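Reader: I've just opened this one and I'm a bit lost. Could you pick a single part, the sheet, and walk me through it slowly, along with whatever packs around it?

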Amino acid sequence: MEYRKLEPQFDKAVAEMIRQNLKAYHLDIPGTAYYDEGLDHLSDFYARPGRAYFVLTEQGKLLGGIGLAEFDGYPDCCELQKLYLVEEAKGRGLGYSLIQRIEDQARELGYRRIYLETHTSLQAALHIYQKTGYTEIDRPPFVVHSTMNRFYLKELSAGMLAEQAKALMESEPWYVAAMSNLSALIMDSFRELNWAGFYLMRNGRLTVGPFQGKPACIHIPAGKGVCGTAVEKNETILVPDVHLFPGHIACDSASASEIVIPIHHEGKVIGVLDIDSPVLNRFSSVEAKELEKIVQMMEEMLSWEERA
């Protein structure tokens, strides 16, 4: 699967997906997105500053989409718009990952909260919104689609993962224990991961440390693969498609995208945080910054001495 920003070649498929969903719930009526002006050319609408629309595809076929645009009803607020899946993609949890992607984009654009409006008939959507932290509010005076009758708002409080990570490290600063819990925290907090963990430098090469996922490559030379390149360059490396990365080491053939962040102690790279996903272009720059913050806290808080 792959996330991509909406381009004109997907306009027709997205419009058809939206209309089919609304028609299935008898919402093909005025006052819904069914009659939105420009529905057949959404790539033009979302190309403007402060807006975005992502489509999720699999082998070039549309699975779903989600968008945002500026919203004047609340300060620093955007509106979550047009979250829909094609029929055969439903029941796979993809709505959650689409919401996470658009929330990351909202933070990147500087929004502090997200508003949305939906309808009682869309029970699956209501369930997703409630499970992802949206709070139902009274009908505001500035409703965009007049037929909608359920309204939600969410504060985009960045840094929650970092606070959880900090608490784990405060409870036990020994690096082995902390890395074990941190890899579990990351694996549990992010959707669509197949590996999350650490490699540590030993005898001039990376050796696998605490992790969550399938058995991993035990040793990775510095300068080889994504992890070794992050060590050699001493910088975060975010890879949208690992199959296009020169010298990629396929520890798990399911991996499609990857992010690697170097860990430092006393001015040297002593290891890396490595996270893999089976989804192309899975990781955003917002997620990278939050993970870098966790690594920085590790460098400052953990005890790197061996214990008997």
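Author: Sure, and keep in mind that this is a predicted model. Let's start with β2: 6 of its 7 residues are buried, so this strand is largely enclosed by the rest of the structure. Now look at what lies beside it. On one side, β1 and β2 run antiparallel and are joined by 4 bridges. Find R4 there, and you'll see that its bridge partner in β2 is V55. On the other side, β2 is joined to β3 by 7 bridges, and this pair is antiparallel too. Here F54 stands opposite I66 of β3. The hairpin of β2 and β3 has 2 residues between the strands, and Q59 takes a positive phi there, near 55°.

Keep going across and you reach β4. β3 and β4 run antiparallel and are joined by 7 bridges; one pair to look for is G64 with its partner L85 in β4. Their hairpin has 5 residues between the strands, with D76 at a positive phi near 50°. As for β4 itself, 9 of its 9 residues are buried, so to speak a strand that is mostly covered.

Next comes a change in direction. β4 pairs with β5 in the parallel sense, over 3 bridges. You can check two spots: C77 has R113 as its bridge partner in β5, and C78 has I114. The helix α3 belongs with these two strands, as β4, α3 and β5 make a right-handed β-α-β unit.

Now zoom out to the whole sheet. It is an open sheet of 7 strands with mixed pairing, and the order is β1-β2-β3-β4-β5-β7-β6. The edges are β1 (2–5) and β6 (135–137), each of which pairs on one side only. On average, neighbouring strands are turned by 30° against each other, direction ignored.

What packs on it? One helix to look at is α1, which touches β2, β3 and β4, with its direction at about 80° to that of β4. Click on I18: leaving aside neighbours within four places in sequence, I18 is in contact with A33, L39, L42, K82 and Y84.

Another helix worth a look is α4. Its residues A125, L126, I128 and Y129 are buried. Seen down the axis of α4, the buried residues fall within an arc of 165°, so they line one face of the helix. Turn to the other side of α4 and you find A124 and K131 exposed. The cover over the buried residues of α4 includes β4, α3, β5 and β7 (150–155). After α4 comes G133, with a positive phi near 95°.

Let's put the strands and helices together. In soluble globular proteins, nonpolar side chains tend to be buried together. Here the largest nonpolar core has 48 residues, and V14, I18, L80, I99, Y129 and Y134 touch the most other members. The elements giving two or more residues to this core are α1 (11–24), α2 (42–46), β2 (52–58), β3 (61–71), β4 (77–85), α3 (94–108), β5 (113–118) and α4 (123–131). The biggest share comes from α3, with 6 residues. Apart from this core lies another one, of 30 residues, including A162, L193, L291 and I294.

How values were computed
Residues are numbered from 1 along each chain as its sequence is written. This is a predicted model: local features need pLDDT of at least 70, side-chain atom pairs count only at pLDDT 80 or more; totals for chains, interfaces and linings use all residues. Side-chain values use heavy atoms; hydrogens and water are left out. A nonpolar core is a set of buried Ala, Val, Leu, Ile, Met, Phe, Trp, Tyr and Cys residues joined through side-chain atoms within 4.5 Å. Buried means under 20% relative accessible area, exposed over 50%, partly exposed in between (1.4 Å probe, protein chains only). Contact means heavy atoms within 4.5 Å. Two strands pair if DSSP finds at least two bridges between them. Axes are lines fitted to C-alpha atoms, for helices over the stretch in contact, and angles run from 0 to 180 degrees between N-to-C directions. The arc is that of the directions from the helix axis to the C-beta atoms. A crossover is right-handed if, with the strands pointing away from the viewer, the path from the first strand over the helix to the second runs clockwise.
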